[in-house]
Every structure is written in structure tokens, then in C-alpha cells.
Amino acid sequence: MTLIAISASKNRADILTDTWSYTSGGRRIGADSKLHAISHLDMAHAVQGSCEFEALWSIGASGLAMHVG
């Protein structure tokens with residue numbers, strides 16, 4: 001299970017995630033950053049621990065963010 005904790009105020013946001021990364025079969029394979037900032041949109045996205053899902057989601061989200069001003 002992935003832990004995501006968010007605290008937001010007027011000028012900042014703190015986002016805490018765990019770092020365990022695992023295969024789709026549930027085998028732990030290492031540590032990974034699950035938080036990805038998209039600074040030009042003042043946003044971030046956090047993902048769960050599956051390496052395959054995280055990679056696909058992050059590439060897609062980054063690609064879409066490039067087209068938003």
C-alpha cells in the first residue's frame with residue numbers, strides 16, 4: 001500500500017510519500033520517488049508503487065503538461 005500525505009496552505013504544499021517500488025507481482029525491487037513536480041503548472045502528481053504504472057503515468061502526465069501553458 002502506498003502512503004500519500006498532503007498538507008497545503010496559501011503559498012506552499014508539502015507532500016509525503018513512501019519510497020518502496022515493486023513489480024506488478026508484488027516483489028519489492030527498490031526505492032523510487034513517487035512524487036513528480038510540474039512546476040510551470042504549480043502542481044505535482046504522486047503515483048503508487050508499481051514500477052510499470054509509475055513509468056507509464058509519469059511519461060503521459062509530463063507529455064500532457066508540455067501542452068498546457
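**Exercise 1. Decide whether I6 is buried or exposed, and find the patch it belongs to.**

Step 1: Start with the cut-offs: buried is under 20% relative accessible area, exposed is over 50%, and partly exposed sits in between (1.4 Å probe, protein chains only).

Step 2: I6 has a relative accessible area of 62%, so I6 is exposed. This residue is found in strand β1; strands are DSSP E runs of at least two residues, helices are H or I runs of at least four, and both are numbered from the N terminus.

Step 3: Together with I4 and I15, I6 makes a nonpolar surface patch of about 260 Å². Patches take residues with over 30% relative accessible area and no salt bridge, joining like charges within 9 Å and nonpolar side chains (Val, Leu, Ile, Met, Phe, Trp, Tyr) within 5 Å. Areas come from the Shrake-Rupley method with a 1.4 Å probe, and for residues only the protein chains shown count as cover.

A word on what you're looking at: this is a predicted model, where local features need pLDDT of at least 70, side-chain atom pairs count only at pLDDT 80 or more, and totals for chains, interfaces and linings use all residues. Residues are numbered from 1 along each chain as its sequence is written, and side-chain values use heavy atoms, with hydrogens and water left out.

**Exercise 2. Work out how far the prediction can be trusted, and lay out the fold.**

Step 1: Check pLDDT, the predictor's confidence in each residue from 0 to 100. The protein's mean is 80, and 96% of its residues reach 70 or more.

Step 2: Look for the extremes. Confidence is lowest in strand β4 (residues 28-31), at a mean of 77, and highest in strand β1 (residues 4-8), at 86.

Step 3: Now trace the chain. There are one helix and six strands, in the order β-β-β-β-β-β-α. The C-alpha atoms fill a box of roughly 40 × 25 × 15 Å along the principal axes, and of the 69 residues, 19% count as buried.

**Exercise 3. Find the salt bridge and say how accessible its partners are.**

Step 1: Apply the criterion: a side-chain nitrogen of Lys or Arg within 4 Å of a carboxyl oxygen of Asp or Glu. The structure holds one such pair.

Step 2: That pair is R12 and D14, at 3.0 Å, N to O.

Step 3: R12 is exposed at 53%, while D14 is partly exposed at 36%.

**Exercise 4. Place T17 and K34, and see how they connect.**

Step 1: T17 lies in strand β2 (residues 13-17), and K34 in the loop between β4 and β5.

Step 2: T17 counts as buried because its relative accessibility is 17%. K34 is buried too, at 2%.

Step 3: Leaving out residues up to four places away in sequence, T17 touches L3, I4, K34 and A46, where contact means heavy atoms within 4.5 Å.

Step 4: K34 and C51 are 17 residues apart in sequence, with their C-alpha atoms 9.8 Å apart.

**Exercise 5. Describe the surroundings of H40.**

Step 1: H40 lies in the loop between β5 (35-38) and β6 (43-46). At 47% relative accessible area, H40 is partly exposed.

Step 2: Beyond residues up to four places away in sequence, H40 touches A65 and V68. Its side chain reaches the backbone oxygen of V68 at 3.2 Å.

Step 3: H40 and M66 are 26 residues apart along the chain, and their C-alpha atoms are separated by 9.2 Å.

Methods. A polar contact is a pair of N or O atoms within 3.5 Å; within protein, one must be able to donate a hydrogen and the other to accept it, and residues adjacent in sequence count only if both atoms are side-chain atoms.
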